[in-house]
Amino acid sequence: MAHLAHYREAHPMPFVITHWINLVAMILLIITGFSIHFPFWGGFMGIARGVHVFLGFVLFINCIVRVIMAFFVKSAPDGGTRYQVTDYKTWLPQADNRHQLGAWIRYYLFFKKDHPLGAKLGVPQKISYLAIPILIIVMFYTGLALWAPTMNWAFFAAGTDLVGGLMSMRIIHYFMMYIFICFMLIHIYLANIEGISPTLLMFFWKEHGGLVYDPEKHTIVGEDDLKHGEKA
């Protein structure tokens with residue numbers, strides 16, 4: 001199966017930067033989180049806590065910035081095109097994949113060999129990407145509810161009382177980490193299931209040739225080898 005071309009317009013530089021920040025912050029938050037929960041390095045505990053709190057703020061702020069940018073920065077709504085729209089529109093239902101949920105699920109469950117062509121984000125991707133900002137906000141809230149300088153603030157203390165105390169809040173915060181770990185592993189797998197071109201584009205802004213898609217006609221209109229003789 002030939003694949004849609006991967007153009008930089010799909011991931012403008014501001015989004016590449018926020019994606020890098022997310023990656024580094026999440027990895028270090030997971031490492032320091034395990035170190036706090038399982039203090040096997042005694043002398044590392046203070047550093048782990050400090051780094052964990054700092055990166056919690058970084059991840060939260062980066063998330064808010066990314067969501068705000070979605071309403072101002074333009075990106076390609078589909079693979080294989082340089083045409084751009086305001087980015088938030090690519091998170092919503094599009095004519096290019098409005099009826100593709102079943103096909104995407106069958107593809108992810110290995111019941112279908114080829115995935116549908118069209119919108120940059122498949123239907124399950126849209127759902128998961130819309131959920132991630134909410135999860136980050138909830139994770140940030142539970143973290144501040146456990147952090148000594150803020151745990152007694154009324155806003156956080158109320159949440160702690162609601163879930164049944166600090167231990168319950170700690171368990172929620174801890175197991176949410178596994179949700180992020182699972183998301184990262186699945187995301188990495190699905191992004192590279194047909195080659196590393198999407199990753200090279202997202203992290204190194206390296207384009208790759210392939211099929212050209214017309215978002216107005218909703219159909220393949222040709223092929224672009226980027227004048228390098230590449231074959232998709």
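The following exercises examine a nonpolar surface patch and a pocket in a predicted model.

**Exercise 1.** Determine which residues make the nonpolar surface patch, and which helix gives the most to it.

*Solution.*
Step 1. The members of the patch are W20, V24, I27, L28, I31, I47, V51 and F204. Together they form an area of about 690 Å².
Step 2. Two helices, α1 (13-37) and α2 (45-69), each supply at least two residues of this patch.
Step 3. The largest share belongs to α1, which gives five residues.

**Exercise 2.** Locate F204 in the helices, and decide whether F204 is buried or exposed.

*Solution.*
Step 1. F204 lies in helix α7, which covers residues 197-204.
Step 2. The relative accessibility of F204 is 57%. A residue counts as exposed over 50%.
Step 3. F204 is therefore classed as exposed.

**Exercise 3.** Describe the second largest pocket by its volume, its lining and the character of its lining residues.

*Solution.*
Step 1. The volume of the second largest pocket is about 750 Å³.
Step 2. Its lining consists of 26 residues, of which I36, H52, G143, L146 and H173 are the closest to the centre.
Step 3. Two or more lining residues come from each of α1, α2, α4 (123-146) and α6 (166-191).
Step 4. Among the elements, α2 gives the most to this lining, with seven residues.
Step 5. By character, the lining comprises 18 nonpolar, six polar and two charged residues.

How values were computed. Residues numbered from 1 in each chain as written. Predicted model: local features only at pLDDT ≥ 70, side-chain atom pairs only at ≥ 80, totals over all residues. Heavy atoms only, no water. Patch = residues over 30% accessible without salt bridge, like charges linked within 9 Å, V, L, I, M, F, W, Y side chains within 5 Å. Areas by Shrake-Rupley, 256 points an atom, 1.4 Å probe, with all protein chains shown as cover. Salt bridge = Lys/Arg side-chain N within 4 Å of Asp/Glu carboxyl O. Helix = DSSP H or I, 4+ residues; strand = E, 2+ residues; numbered from the N terminus. Buried < 20%, exposed > 50% of the residue type's maximum accessible area, 1.4 Å probe, protein only. 1 Å grid on protein atoms, 1.4 Å probe; cavity = no way out; pocket = protein on both sides within 12 Å on 5 of 7 lines; lining within 4 Å. Points joined across faces, edges and corners; volume = space filled by probe spheres on them. Nonpolar A, V, L, I, M, F, W, Y, C, P; charged D, E, K, R; others polar.
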